[in-house]
Amino acid sequence: MSPAPSRPFPWDEALAFALGRLFWRPADFWAATPREFAAALPLPGGNAPLSRAAFEGLLAAHPDPSPAGNTP
């Protein structure tokens, strides 16, 4: 059984995604490691909106400081 033929890396699509969707500058794209670029890609089945409960949990865990510099 022979291995499946490899596909060349889709540079045009990757660059279009980085510039058009992530709003990276070209220098940011070319300086990114493959791991950094992969981390910026959307996950399959992901990108679900944050639930209200999850949002309130984040607010409770990370409150904004008050104007006096104290947390509420």
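1. Salt bridges. In this predicted model, a search of the whole structure returns two salt bridges, and they are taken one by one in the next two points.

2. Arg25 and Asp28. One of the salt bridges joins Arg25 to Asp28, with 2.9 Å between the closest N and O atoms. Arg25 counts as exposed because its relative accessible area of 54% is over 50%, whereas Asp28, with a relative accessible area of 30%, is partly exposed. As a general remark, side chains of opposite charge can pair when their charged atoms come close.

3. Arg52 and Glu56. A salt bridge also links the side chains of Glu56 and Arg52, with an N to O distance of 2.9 Å. Both residues belong to helix α4, where they are four residues apart, or about one turn of the helix. Arg52 is exposed at 57% relative accessibility, while Glu56 is partly exposed, with a relative accessible area of 41%.

4. Nonpolar surface patch. On the surface, Leu50, Phe55, Leu58 and Leu59 make up a nonpolar patch whose accessible area comes to about 370 Å² together. Of these residues, Leu50 sits in the loop between α3 (34-40) and α4 (52-61), and its relative accessible area of 52% places Leu50 in the exposed class, because that class begins over 50%.

5. Backbone at Phe23. Which residue has a positive phi although it is not a glycine? The residue is Phe23, with a phi of about 60 degrees, and a colleague inspecting the backbone will find Phe23 in the loop between α1 (11-20) and α2 (26-31). The side chain question can be settled alongside: Phe23 counts as exposed, with 68% relative accessibility.

6. Largest pocket. The largest pocket holds about 170 Å³ of space, and its lining consists of Phe9, Trp11, Ala14, Phe29, Trp30, Ala32, Thr33, Pro34 and Phe37. The elements that contribute two or more residues to this lining are α1, α2 and α3.

7. Character of the lining. How many residues in the lining of the largest pocket are nonpolar, polar and charged? The lining divides into eight nonpolar residues, one polar residue and no charged residue. Thr33 is part of the lining, and Thr33 is the polar residue there, because Thr falls outside both the nonpolar and the charged lists.

Definitions and conventions: Residues are numbered from 1 along each chain as its sequence is written. This is a predicted model: local features need pLDDT of at least 70, side-chain atom pairs count only at pLDDT 80 or more; totals for chains, interfaces and linings use all residues. Side-chain values use heavy atoms; hydrogens and water are left out. Patches are made of residues with over 30% relative accessible area and no salt bridge: like charges are joined within 9 Å, nonpolar side chains (Val, Leu, Ile, Met, Phe, Trp, Tyr) within 5 Å. Accessible areas come from the Shrake-Rupley method with a 1.4 Å probe; for residues, only the protein chains shown count as cover. A salt bridge is a side-chain nitrogen of Lys or Arg within 4 Å of a carboxyl oxygen of Asp or Glu. Buried means under 20% relative accessible area, exposed over 50%, partly exposed in between (1.4 Å probe, protein chains only). On a 1 Å grid over the protein atoms alone, a cavity is a set of points where a 1.4 Å probe fits but cannot get out, and a pocket is an open set with protein on both sides within 12 Å along at least five of seven lines; lining residues have an atom within 4 Å of a point. Grid points are joined across faces, edges and corners, and a volume is the space filled by probe spheres set on the points.
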